[in-house]
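Hi,

Here's the structure I promised to pass along. Have a look at it first, and then read on for what turned up around the ligand and its pocket.

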Amino acid sequence: MSGKLEGKVALITGGSSGIGLATAQRFVAEGARVFITGRRAAELQKAQALIGKGVTAVQGDVTILSDLDHLYATIAREAGHLDVVFANTGGGPFEPFSAVSAESFDTTFGLTIRATFFTIQKAIPLLNNDASIIMTGSIAAVKVVPHLSVYGAAKAALRSLARSLSFELKDRGIRANLLTPGPVDTPPMASFPKELLGALVGSVPMGRMGAPGEIAAAALFLASSESSFMTGTEVFVDGGTAQI
Ligand SMILES: NC(=O)c1ccc[n+]([C@@H]2O[C@H](COP(=O)([O-])OP(=O)(O)OC[C@H]3O[C@@H](n4cnc5c(N)ncnc54)[C@H](OP(=O)(O)O)[C@@H]3O)[C@@H](O)[C@H]2O)c1
(Lines give C-alpha, C1' and ligand atoms only; values in the text may rest on other atoms or scores of the structure.)
Protein backbone atom coordinates (compact mmCIF):
# COMPACT_ATOMS: atom_id res chain seq x y z
CA MET A 1 0.00 0.00 0.00
CA SER A 2 1.42 3.41 -0.87
CA GLY A 3 1.83 6.13 1.73
CA LYS A 4 -0.20 9.33 1.97
CA LEU A 5 2.80 11.44 0.94
CA GLU A 6 4.34 9.14 -1.67
CA GLY A 7 6.63 11.15 -3.99
CA LYS A 8 6.15 14.40 -2.05
CA VAL A 9 8.97 16.66 -0.88
CA ALA A 10 8.56 18.30 2.54
CA LEU A 11 10.49 20.79 4.64
CA ILE A 12 10.11 20.72 8.43
CA THR A 13 11.80 23.48 10.41
CA GLY A 14 12.77 22.39 13.90
CA GLY A 15 12.74 18.82 12.63
CA SER A 16 15.44 17.57 15.00
CA SER A 17 13.30 17.46 18.16
CA GLY A 18 9.80 17.16 19.59
CA ILE A 19 6.86 17.83 17.29
CA GLY A 20 9.05 18.45 14.23
CA LEU A 21 11.00 15.22 14.70
CA ALA A 22 7.85 13.12 15.19
CA THR A 23 6.39 14.71 12.05
CA ALA A 24 9.54 14.04 10.04
CA GLN A 25 9.38 10.37 11.09
CA ARG A 26 5.71 10.15 10.12
CA PHE A 27 6.16 11.94 6.77
CA VAL A 28 9.06 9.66 5.80
CA ALA A 29 7.01 6.60 6.83
CA GLU A 30 4.26 7.88 4.50
CA GLY A 31 6.65 8.05 1.54
CA ALA A 32 7.87 11.67 1.59
CA ARG A 33 11.38 12.93 1.04
CA VAL A 34 11.90 15.21 4.02
CA PHE A 35 14.34 18.05 4.70
CA ILE A 36 14.78 19.04 8.34
CA THR A 37 16.57 22.04 9.77
CA GLY A 38 17.75 23.19 13.19
CA ARG A 39 20.73 24.99 14.72
CA ARG A 40 22.46 22.14 16.58
CA ALA A 41 24.37 19.86 14.20
CA ALA A 42 24.60 17.03 16.75
CA GLU A 43 20.81 16.95 17.28
CA LEU A 44 20.27 16.96 13.52
CA GLN A 45 22.66 14.03 13.10
CA LYS A 46 20.85 12.10 15.84
CA ALA A 47 17.50 12.79 14.16
CA GLN A 48 18.84 11.73 10.78
CA ALA A 49 20.15 8.46 12.25
CA LEU A 50 16.79 7.84 13.95
CA ILE A 51 14.70 8.54 10.85
CA GLY A 52 17.01 6.83 8.36
CA LYS A 53 16.63 6.89 4.59
CA GLY A 54 14.38 9.63 3.23
CA VAL A 55 15.55 12.53 5.36
CA THR A 56 18.18 15.20 4.68
CA ALA A 57 19.38 17.44 7.51
CA VAL A 58 20.45 20.99 6.70
CA GLN A 59 21.95 22.86 9.63
CA GLY A 60 20.82 26.48 10.02
CA ASP A 61 19.03 29.13 12.05
CA VAL A 62 15.61 30.15 10.68
CA THR A 63 16.00 33.65 12.13
CA ILE A 64 18.98 34.27 9.83
CA LEU A 65 17.86 35.04 6.28
CA SER A 66 21.11 33.86 4.67
CA ASP A 67 20.67 30.48 6.43
CA LEU A 68 17.19 30.24 4.86
CA ASP A 69 18.74 31.04 1.45
CA HIS A 70 21.26 28.23 1.99
CA LEU A 71 18.48 25.84 3.04
CA TYR A 72 16.39 26.55 -0.08
CA ALA A 73 19.45 26.40 -2.38
CA THR A 74 20.11 22.91 -0.97
CA ILE A 75 16.49 21.81 -1.49
CA ALA A 76 16.48 23.27 -5.03
CA ARG A 77 19.66 21.40 -5.91
CA GLU A 78 18.70 18.08 -4.31
CA ALA A 79 14.93 17.90 -4.89
CA GLY A 80 14.00 20.74 -7.26
CA HIS A 81 10.70 21.61 -5.59
CA LEU A 82 8.61 21.44 -2.42
CA ASP A 83 5.10 20.09 -1.80
CA VAL A 84 4.89 20.73 1.95
CA VAL A 85 6.36 23.40 4.22
CA PHE A 86 5.87 22.80 7.93
CA ALA A 87 7.12 26.06 9.51
CA ASN A 88 7.22 24.68 13.01
CA THR A 89 9.82 26.67 14.96
CA GLY A 90 8.70 29.14 17.61
CA GLY A 91 8.98 29.84 21.29
CA GLY A 92 9.63 32.27 24.06
CA PRO A 93 10.33 32.37 27.81
CA PHE A 94 7.89 32.55 30.72
CA GLU A 95 8.12 36.17 31.92
CA PRO A 96 5.68 38.39 33.79
CA PHE A 97 4.44 41.18 31.51
CA SER A 98 6.21 43.89 33.51
CA ALA A 99 9.57 42.10 33.29
CA VAL A 100 9.70 41.65 29.51
CA SER A 101 12.66 43.49 27.96
CA ALA A 102 12.73 44.85 24.43
CA GLU A 103 15.41 42.26 23.60
CA SER A 104 13.30 39.39 24.89
CA PHE A 105 10.26 40.71 22.98
CA ASP A 106 12.26 40.92 19.74
CA THR A 107 13.72 37.43 20.21
CA THR A 108 10.30 35.83 20.71
CA PHE A 109 8.70 37.70 17.81
CA GLY A 110 11.83 37.16 15.71
CA LEU A 111 11.64 33.38 16.06
CA THR A 112 7.89 32.88 16.22
CA ILE A 113 6.64 35.34 13.60
CA ARG A 114 9.44 36.93 11.56
CA ALA A 115 11.29 33.66 10.93
CA THR A 116 8.04 31.83 10.10
CA PHE A 117 7.04 34.61 7.69
CA PHE A 118 10.35 34.52 5.80
CA THR A 119 10.63 30.73 5.93
CA ILE A 120 7.39 30.67 3.94
CA GLN A 121 8.08 33.68 1.71
CA LYS A 122 11.43 32.25 0.63
CA ALA A 123 9.83 28.84 -0.09
CA ILE A 124 7.35 30.28 -2.61
CA PRO A 125 9.52 29.88 -5.75
CA LEU A 126 10.02 26.19 -4.93
CA LEU A 127 6.39 25.38 -4.06
CA ASN A 128 4.40 23.21 -6.43
CA ASN A 129 0.89 24.29 -7.27
CA ASP A 130 -1.37 22.49 -4.71
CA ALA A 131 1.35 22.61 -2.04
CA SER A 132 0.44 22.68 1.65
CA ILE A 133 1.82 25.16 4.18
CA ILE A 134 1.45 24.37 7.87
CA MET A 135 2.46 26.57 10.80
CA THR A 136 2.55 25.61 14.48
CA GLY A 137 0.32 27.71 16.71
CA SER A 138 -0.29 27.52 20.44
CA ILE A 139 -3.30 27.58 22.74
CA ALA A 140 -1.49 30.48 24.47
CA ALA A 141 -2.86 32.57 21.60
CA VAL A 142 -6.49 31.93 22.52
CA LYS A 143 -6.39 31.21 26.26
CA VAL A 144 -4.36 32.95 28.93
CA VAL A 145 -1.28 31.00 29.94
CA PRO A 146 0.29 33.04 32.75
CA HIS A 147 3.55 34.81 31.87
CA LEU A 148 3.38 34.03 28.15
CA SER A 149 2.02 37.39 26.91
CA VAL A 150 4.65 37.86 24.20
CA TYR A 151 4.65 34.25 23.00
CA GLY A 152 0.83 34.20 22.99
CA ALA A 153 0.70 37.41 20.96
CA ALA A 154 3.27 36.12 18.47
CA LYS A 155 1.37 32.85 18.02
CA ALA A 156 -1.89 34.82 17.60
CA ALA A 157 -0.25 36.66 14.70
CA LEU A 158 0.27 33.30 12.95
CA ARG A 159 -3.51 32.85 12.87
CA SER A 160 -3.77 36.03 10.84
CA LEU A 161 -0.89 34.97 8.61
CA ALA A 162 -2.67 31.69 7.77
CA ARG A 163 -5.62 33.73 6.51
CA SER A 164 -3.47 36.10 4.45
CA LEU A 165 -1.41 33.30 2.92
CA SER A 166 -4.47 31.26 2.03
CA PHE A 167 -5.85 34.30 0.16
CA GLU A 168 -2.62 35.30 -1.55
CA LEU A 169 -1.75 31.78 -2.71
CA LYS A 170 -5.21 30.42 -3.57
CA ASP A 171 -4.85 31.03 -7.32
CA ARG A 172 -1.96 28.57 -7.33
CA GLY A 173 -3.98 26.05 -5.32
CA ILE A 174 -1.60 26.38 -2.38
CA ARG A 175 -3.24 25.90 1.02
CA ALA A 176 -2.08 27.38 4.35
CA ASN A 177 -3.29 26.28 7.78
CA LEU A 178 -2.37 26.63 11.42
CA LEU A 179 -1.90 23.51 13.56
CA THR A 180 -2.39 24.32 17.23
CA PRO A 181 -1.23 21.87 19.89
CA GLY A 182 -2.10 21.87 23.56
CA PRO A 183 0.66 20.86 26.01
CA VAL A 184 2.83 18.22 24.31
CA ASP A 185 5.49 16.06 25.92
CA THR A 186 8.61 17.40 24.16
CA PRO A 187 12.09 18.17 25.58
CA PRO A 188 11.33 21.79 26.65
CA MET A 189 8.69 20.42 29.07
CA ALA A 190 11.44 18.73 31.10
CA SER A 191 12.79 22.14 32.15
CA PHE A 192 9.40 23.48 33.29
CA PRO A 193 9.02 24.03 37.05
CA LYS A 194 7.08 21.06 38.51
CA GLU A 195 4.22 23.27 39.73
CA LEU A 196 3.78 24.92 36.37
CA LEU A 197 3.81 21.57 34.58
CA GLY A 198 1.20 20.24 37.02
CA ALA A 199 -1.04 23.24 36.38
CA LEU A 200 -0.58 22.91 32.63
CA VAL A 201 -1.52 19.23 32.60
CA GLY A 202 -4.37 20.00 35.00
CA SER A 203 -5.79 22.42 32.44
CA VAL A 204 -6.16 19.67 29.83
CA PRO A 205 -9.67 18.14 29.92
CA MET A 206 -8.23 14.81 28.75
CA GLY A 207 -5.96 14.88 31.82
CA ARG A 208 -2.63 14.37 30.09
CA MET A 209 -0.13 15.94 27.74
CA GLY A 210 -0.26 15.08 24.09
CA ALA A 211 2.42 12.90 22.49
CA PRO A 212 4.43 14.42 19.63
CA GLY A 213 3.09 11.67 17.35
CA GLU A 214 -0.46 12.88 17.96
CA ILE A 215 0.48 16.28 16.55
CA ALA A 216 2.34 14.60 13.69
CA ALA A 217 -0.86 12.74 12.76
CA ALA A 218 -2.67 16.06 12.32
CA ALA A 219 0.29 17.50 10.39
CA LEU A 220 0.07 14.51 8.05
CA PHE A 221 -3.64 15.21 7.51
CA LEU A 222 -2.96 18.90 6.71
CA ALA A 223 -0.01 18.02 4.46
CA SER A 224 -1.88 15.42 2.43
CA SER A 225 -4.74 15.68 -0.04
CA GLU A 226 -7.05 14.33 2.72
CA SER A 227 -7.44 18.00 3.74
CA SER A 228 -7.82 19.30 0.18
CA PHE A 229 -10.80 21.57 1.02
CA MET A 230 -9.14 23.19 4.05
CA THR A 231 -7.27 26.48 3.92
CA GLY A 232 -6.93 29.55 6.12
CA THR A 233 -8.12 27.58 9.14
CA GLU A 234 -6.83 26.41 12.49
CA VAL A 235 -6.79 22.81 13.66
CA PHE A 236 -6.57 22.30 17.42
CA VAL A 237 -4.96 19.14 18.77
CA ASP A 238 -5.16 20.04 22.42
CA GLY A 239 -7.05 17.37 24.39
CA GLY A 240 -9.90 19.88 24.61
CA THR A 241 -7.83 22.53 26.44
CA ALA A 242 -8.96 25.55 24.44
CA GLN A 243 -12.41 24.09 23.67
CA ILE A 244 -14.23 23.31 26.94
N1 LIG B 1 5.55 21.27 23.27
C2 LIG B 1 4.42 21.94 23.48
O3 LIG B 1 3.72 21.77 24.48
C4 LIG B 1 3.94 22.92 22.46
C5 LIG B 1 2.63 23.41 22.57
C6 LIG B 1 2.16 24.32 21.65
C7 LIG B 1 3.00 24.74 20.63
N8 LIG B 1 4.27 24.27 20.54
C9 LIG B 1 5.10 24.76 19.44
O10 LIG B 1 5.59 23.64 18.72
C11 LIG B 1 6.80 23.99 18.05
C12 LIG B 1 7.86 22.93 18.35
O13 LIG B 1 8.05 22.85 19.75
P14 LIG B 1 8.58 21.53 20.47
O15 LIG B 1 7.88 21.45 21.77
O16 LIG B 1 8.56 20.37 19.55
O17 LIG B 1 10.09 21.98 20.80
P18 LIG B 1 11.51 21.25 20.72
O19 LIG B 1 11.39 19.80 21.03
O20 LIG B 1 12.42 22.07 21.57
O21 LIG B 1 11.93 21.42 19.20
C22 LIG B 1 12.24 22.68 18.69
C23 LIG B 1 12.95 22.48 17.37
O24 LIG B 1 13.15 23.75 16.76
C25 LIG B 1 14.53 23.94 16.49
N26 LIG B 1 14.84 25.38 16.56
C27 LIG B 1 14.66 26.21 17.62
N28 LIG B 1 15.07 27.44 17.30
C29 LIG B 1 15.51 27.38 16.01
C30 LIG B 1 16.06 28.34 15.12
N31 LIG B 1 16.26 29.61 15.48
N32 LIG B 1 16.41 27.94 13.87
C33 LIG B 1 16.21 26.65 13.49
N34 LIG B 1 15.70 25.72 14.28
C35 LIG B 1 15.35 26.08 15.54
C36 LIG B 1 15.23 23.09 17.53
O37 LIG B 1 16.56 22.75 17.16
P38 LIG B 1 17.81 23.66 17.64
O39 LIG B 1 17.57 24.05 19.06
O40 LIG B 1 19.00 22.80 17.44
O41 LIG B 1 17.82 24.85 16.72
C42 LIG B 1 14.34 21.87 17.53
O43 LIG B 1 14.60 21.06 16.39
C44 LIG B 1 7.13 25.41 18.54
O45 LIG B 1 6.68 26.35 17.61
C46 LIG B 1 6.33 25.55 19.82
O47 LIG B 1 6.02 26.89 20.12
C48 LIG B 1 4.76 23.38 21.43
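Let's start with the pocket: the largest one has a volume of about 1200 Å³. Keep in mind as you read that this is a predicted model.

In total, 43 residues line that largest pocket, and G90, G91, Y151, T186 and P188 are the closest to its centre. As for secondary structure, the elements that give two or more residues to the lining are α1, β2 (33-38), α4 (102-123) and α5. Of these, α1 gives the most, with three residues. If you sort the lining by class, you get 18 nonpolar, 20 polar and five charged residues.

Now, where does the ligand sit? It's in that largest pocket. Two elements give two or more residues to the shell around the ligand, namely α1 (18-29) and α5 (149-168). Both of these also turn up in the list for the pocket lining.

The shell itself is made of 29 residues, and the closest to the ligand are S16, S17, R39, Y151 and T186. You'll recognise Y151 and T186 from the pocket, where they are among the residues closest to the centre. By class, the shell splits into ten nonpolar, 15 polar and four charged residues.

You'll probably want the polar contacts too, so here are three that involve oxygen atoms of the ligand:

- Y151: a polar side-chain atom is 2.6 Å from a ligand oxygen.
- R39: here too a polar side-chain atom is involved, 2.7 Å from an oxygen atom of the ligand.
- G14: this one uses the backbone, with a polar atom 3.4 Å from a ligand oxygen.

And how much of the ligand's accessible area does the protein cover? On its own the ligand has 890 Å² of accessible area, and the protein covers 89% of that.

If you only have a minute, begin with Y151: its side chain makes one of the contacts above, and the residue is also listed among those closest to the pocket centre.

Cheers

Note on methods: Residues numbered from 1 in each chain as written. Predicted model: local features only at pLDDT ≥ 70, side-chain atom pairs only at ≥ 80, totals over all residues. Heavy atoms only, no water. Near = heavy atom within 4 Å. Polar contact = N/O pair within 3.5 Å; in protein donor to acceptor, adjacent residues only side chain to side chain. Areas by Shrake-Rupley, 256 points an atom, 1.4 Å probe, with all protein chains shown as cover. 1 Å grid on protein atoms, 1.4 Å probe; cavity = no way out; pocket = protein on both sides within 12 Å on 5 of 7 lines; lining within 4 Å. Sits in = over half its atoms within 2 Å of the grid points. Helix = DSSP H or I, 4+ residues; strand = E, 2+ residues; numbered from the N terminus. Nonpolar A, V, L, I, M, F, W, Y, C, P; charged D, E, K, R; others polar. Points joined across faces, edges and corners; volume = space filled by probe spheres on them.
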